[in-house]
Amino acid sequence: MRTLALFPPRTRALHRLMLGATAFMWLNSASAQLAAYPRIDPAPTARAADPKAPVPTPAYRSVLADLPTGVEEAKVDWRDANAAVAQFKRGHADILKWETDSTPSAGAAAGKPGQEKP
């Protein structure tokens, strides 16, 4: 019984040769790429993982150091401020009432709507 070959024997040999050459070039380029890849030295990582390794102390600098300090020129101790408030009978409520009575508000200076100034 005779089978019909898809390619004649000479062509099959040529295909095998081309396949071998392609495989050789592919393997050669893959090994060339692996050789050029940098090798990492594991020693620094091992030293850093050691819990007894010396660590430099961080230089602490507050993030609030550069912020403006505000409009107050003198700093008052909180104990002195609480003692000053304690002199009033009702504490802070009396201070707030005194502040609203002693300073004219912007609404009172401009007048209420519907009222005429004398």
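**Close-ups of an all-helix predicted model**

From the N terminus on, the elements of the protein chain run α-α-α-α-α. That makes 5 helices and 0 strands, and everything shown here comes from a predicted model.

**View 1. The whole chain, with confidence in mind.** Let's start wide before zooming in. Mean pLDDT for the protein chain is 77, with 72% of the residues at 70 or more. Helix α2 (residues 43–49) has the highest mean pLDDT among the elements, at 89, while helix α5 (residues 106–110) sits at the other end with the lowest, 51. Where pLDDT is low, the predicted coordinates should not be read in detail. As for the surface, the accessible area of the protein chain is about 12200 Å², and carbon and sulfur atoms account for 64% of that. Just 3% of the 118 residues count as buried.

**View 2. A nonpolar patch made by Leu14, Leu17 and Met18.** These residues together give a nonpolar surface patch of about 310 Å². Met18 belongs to helix α1, which spans residues 9–36. Is Met18 buried, partly exposed or exposed? Its relative accessibility is 47%, so Met18 counts as partly exposed.

**View 3. Arg61 and Asp66 pair up through their side chains.** The chain has 3 salt bridges in the count, and this is one of them. Here the N to O distance is 2.9 Å. Both partners sit out in the open by the numbers: Arg61 is exposed, and Asp66 is exposed as well.

**View 4. Asp94 and Arg90, a buried residue bridged to an exposed one.** Asp94 is found in helix α4 and forms a salt bridge with Arg90. The closest N and O atoms of this pair are 2.9 Å apart. Why does Asp94 count as buried? Its relative accessibility is 18%, and the cut-off for buried is under 20%. Arg90, on the other hand, comes in at 53% relative accessibility, so it counts as exposed.

**View 5. Around Asp94, with Phe88 and Lys89 in contact.** Staying with Asp94, we now look past the salt bridge with Arg90. Which residues does Asp94 touch once its neighbours within four places in sequence are left aside? The answer is Phe88 and Lys89. With Lys89 there is also a polar link to look for: the Asp94 side chain reaches the backbone nitrogen of Lys89 at 3.4 Å. So this view has the side chain of Asp94 meeting Arg90 in a salt bridge and reaching the Lys89 backbone, with Asp94 itself buried at a relative accessible area of 18%.

**View 6. Asp101 and Lys97, a salt bridge within helix α4.** The last close-up stays in helix α4 (residues 92–102), where Asp101 and Lys97 are 4 residues apart. Because of that spacing in the helix, about one helical turn separates them. Their side chains meet in a salt bridge, with 3.7 Å from N to O. How exposed are the partners? Asp101 has a relative accessible area of 57% and is therefore exposed. Lys97, at 48% relative accessibility, counts as partly exposed.

Methods
Residues are numbered from 1 along each chain as its sequence is written. This is a predicted model: local features need pLDDT of at least 70, side-chain atom pairs count only at pLDDT 80 or more; totals for chains, interfaces and linings use all residues. Side-chain values use heavy atoms; hydrogens and water are left out. Patches are made of residues with over 30% relative accessible area and no salt bridge: like charges are joined within 9 Å, nonpolar side chains (Val, Leu, Ile, Met, Phe, Trp, Tyr) within 5 Å. Accessible areas come from the Shrake-Rupley method with a 1.4 Å probe; for residues, only the protein chains shown count as cover. A salt bridge is a side-chain nitrogen of Lys or Arg within 4 Å of a carboxyl oxygen of Asp or Glu. Helices (H or I, at least four residues) and strands (E, at least two) are DSSP runs, numbered from the N terminus. Buried means under 20% relative accessible area, exposed over 50%, partly exposed in between (1.4 Å probe, protein chains only). pLDDT is the predictor's confidence in each residue, from 0 to 100. A polar contact is a pair of N or O atoms within 3.5 Å; within protein, one must be able to donate a hydrogen and the other to accept it, and residues adjacent in sequence count only if both atoms are side-chain atoms. Contact means heavy atoms within 4.5 Å.
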